[in-house]
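Here are some notes to read alongside the coordinates, set out as numbered points. They move from the chain as a whole to individual elements and residues.

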Amino acid sequence: MDKFIGKWKKGPKPVEEKSANKGNVNIEDRGKKPRVEFSDFEIIGDPGLRKPIDSYPYEVRDELRRLYVAKGPTQPCDHKFPQTDFGEIRRSFQKQWFKDFTWLEYSVNKDATFCFCCYLFGKGQNHKHGDDIFTEVGFKNWKRAKEKFRNHEGAPNSPHSGAVIQLLGFKNQRQNVEYVLSKQSSQTEIEYRARLTAVVKVIRFLLSQGLAFRGNDESINSIRRGNFLELTKWYCEESEEVNKVMNLNARGNNQLTSPKIQKEIVNACATEVRQAIVNEIGDKFFSLLVDEARDSSVKEQLSIVLRFVNDNGEVVERFLGVVHVSDTSARTLKNSIDDFFAINGLSISQLRGQGYDGASNMRGELNGLKQKILDENKYAYYIHCFAHQLQLVLVATSKKNAHVCSFFEYLAKIVNTVGASCKRKDALLQKQYDDLVKSLESDTRWGSHFKTITRILHMWDAVTHVLETIYEDADEVNSRGIARGLIDKMWQFEFVFIAQLMVHVLAKTNTLSMCLQQRTQNIVTAIRMIKTVKEDLKKYRNDDDYWEELLGVVTAFCVKHDIFVPNMQDPLPGRARLYRSVDGQPKTYYHFFRRDIFFEVLDFIVKEMDDRFTESTSELLICISCLDPRDSFVHFDRGQLLRLSEFYPDDFSISDKFELKAQLDTYISYMRSSDGAAFSGLTDIGDLAKKMVETNIHQFFTLVYRLIELALVLPVASATVERSFSAMRTIKNDLRNRMGDEFLNDSLVCYVEQEIFKSIENEDILQRFQNMQTRRIKLPS
């Protein structure tokens, strides 16, 4: 915790100490209580890495204790506890001990246990008598562990019992000294609840809409005081009950409208959402999806998404938050993930998959994030984002064919020139031009390239009209020259041919990309769809009817717009005709368009897909494909599924594997019988899992269902992570670029996971907020 608490100084003036990361502490020596601001990211999840509470300044200890109490003891039940030699027997920590001794904490870093109560309220450490074993050193003698745990608890007057009593009293705010000294009437507490509930409702609305809280001028005389204050004012005007407990009707030191209170309530909302997600995961397997991006203040943010199968058999991808990282090295990313997992009570031992883009810091074989996680958990199989791989296929294809590369360069120039010209037109024509620009402008994703090409073909006359207008009316010779060159290029048969060809190709890849980015997509269906697209492209390449159809579409378009259509049997014009030959004969338009463009483009795409989508040939995914329920489970192979269980030895014991053999035989017989008629029309293992839960069959074929779960948690694409970055640009835009990391993280969690956020009761948020620190007024019992 050294990095979160600076060195304390004494002096007559307020001193503000800020950490290198987030926490800061303000202390004034003029008799006032210090203002302490910490966050959940500033407490250490692993008890073996903490500093003793007594080593911190007295003024901040209670705030630290309250953060730790709100989090609870670190008990990674799903962790794979390592075994240690005790003589001839190998022993390890047992997760049952967490239930037997609720005060126990476990350190993954030290493979040792600690006492949560004694850490928070221990009366100093007597190192001569070993009192620091459960607070600093850590206990790891698993041979006689339960006996030692009971000895540590001791008699009712033992130090541990005293710490437990102090902890219970600390949790009960009504026994707090501050509360006793400023005890309020029951009516005051009732009004406080009504006021706090109203503020929570306002904040929930702003979070769900991704709106800013603060205003540029929040003074009492301002007419635009920001969304939070203005919405609170509106609420008071609409509800007399709320108005009675707000603003002038509330004590000046308990208005609950300060920025600090707003952030604390936002944090309470986000903590409840994250806790709901962690509870939803429980002890299930999950996969990790991460990526990093810069926010509007040019700070690197690491987005974390978990993929798992819920209790209904549905594949779910949940966004847990973003973490600011100082750099994007694999070590920094791994440490950030470890800290995030420790804070939220997650264990890497339950990780069964990881999915990132192709950056070297992510997928590096030696020092990448993928390898660092595999070093800790070798069953967290890595899958390169399929949607990203598909984008790389199209990028490589566009660069390898010179004619297609030139086409896309001209396409970008057309969009930029038309867009820039339309923005300079007078107001009378503005709407017409705005519609044109809106139709053409897009981002760099290939799905958008597909839309751009189709729109240019659809709005051909309008685009050429704008270019002609630029050529005729532009004052600069350079602009006129560019417009003239673009007009000449567009009125060539080659430009139209490539445009129509790319529309046909991108239509298939765009559909595939959209399917791959679905949250519920699974690896079996994804591989099947990729194979289908490849087979279709090969078929088009060798199908004369498809060639004639494409040529007919291009010719009809050119005739409609008075574009010259060459005779396919004529030789290509130009001085270099002697160098353009096929079998000693001059190259014709037919050879140029079909061989040099049509064949090359399709061949490049198929080859790139074969080179990049190598997962389809891996043994793991071949085994998983045997779970496919299509055509009455025609792909079922007991041997391959038994081999699949060997990829996860921690999840299938020796006895499980023997039982799995029998279960597989019974499973396939049931599915193909009349009793399994409900499963006959299924085409996807995702639907299979949901149907098994719906019919309660998953409780009978538990081991088979475990195989299906492991197959479904493997990631397909990191689209959910990309969507979180889109949300981040909404939450932290250029006008809100001073937003802190914690506030950004909390706001994003509530905004992205709105389904869960809406299911959280106001009462849960109120209690979470109330327990974050000592409040002047308590909620009525």
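## Notes on the predicted model

1. What covers the buried residues of helix H29? The cover includes helix H22 (523-542), helix H26 (630-633), helix H28 (654-672) and helix H30 (702-713). Please keep in mind throughout that this is a predicted model.

2. As for the chain as a whole, it has 34 helices and 14 strands, and buried residues make up 51% of its 781 residues. Where contacts are counted between residues at least 6 apart in sequence, 68% of them join residues at least 24 apart.

3. Returning to H29, which spans residues 685-694, the buried residues are Ile685, Gly686, Leu688, Ala689, Met692 and Val693. Viewed down the axis of H29, these buried residues fall within an arc of 160°, and they therefore line one face of the helix.

4. The two ends of H29 can be described as well. At the N-terminal end, Asp684 acts as a cap, with a side-chain oxygen 2.7 Å from the backbone nitrogen of Gly686, while after the helix comes Asn696, whose phi is positive, near 65°.

5. The largest nonpolar core has 112 residues, and those with the most contacts inside it are Phe386, Ile453, Phe497, Tyr648, Tyr667 and Met692. Helix H21 (residues 493-516) gives the most to this core, contributing 14 residues. There is also a second, separate core of 76 residues, which includes Phe228, Val273, Leu302 and Leu748. Met692, named here for its contacts in the largest core, is also one of the buried residues of H29.

6. Five strands form an open sheet with mixed pairing, and their order is S10-S9-S8-S11-S12. Strand S10 (315-324) and strand S12 (381-384) stand at the edges, and because each has a single partner strand, one side of each is left without a neighbour in the sheet. From one strand to the next, the twist averages 25°.

7. Within that sheet, strand S8 (residues 286-294) and strand S11 (residues 351-356) run parallel and are joined by four bridges. Leu289 stands opposite Gly355 in S11.

8. Two helices can be placed against the sheet. Helix H11 packs on it by touching S8, strand S9 (300-309) and S10, and the direction of H11 makes about 135° with that of S10. Helix H32 (residues 741-752) lies across S9 and S10, running at about 165° to S10.

9. Is Arg274, a residue of helix H11 (residues 259-281), buried or exposed? Its relative accessibility is 6%, so Arg274 counts as buried, the cut-off for that class being under 20% relative accessible area. Leaving aside residues up to four places away in sequence, Arg274 touches Asn267, Leu320, Asn344, Asn745, Asp746 and Val749.

10. Glu472 belongs to helix H19 (residues 460-473) and is exposed, because its relative accessible area of 59% lies above the 50% cut-off for that class. Between Glu472 and Arg484 there is a separation of twelve residues in sequence, and the C-alpha to C-alpha distance is 9.5 Å.

Key
Residues numbered from 1 in each chain as written. Predicted model: local features only at pLDDT ≥ 70, side-chain atom pairs only at ≥ 80, totals over all residues. Heavy atoms only, no water. Buried < 20%, exposed > 50% of the residue type's maximum accessible area, 1.4 Å probe, protein only. Arc of directions from axis to C-beta. Contact = heavy atoms within 4.5 Å. Polar contact = N/O pair within 3.5 Å; in protein donor to acceptor, adjacent residues only side chain to side chain. Core = buried A, V, L, I, M, F, W, Y, C linked by side-chain atoms within 4.5 Å. Pairing = 2+ DSSP bridges. Axes fitted to C-alpha atoms, helices over the stretch in contact; angles between N-to-C directions.
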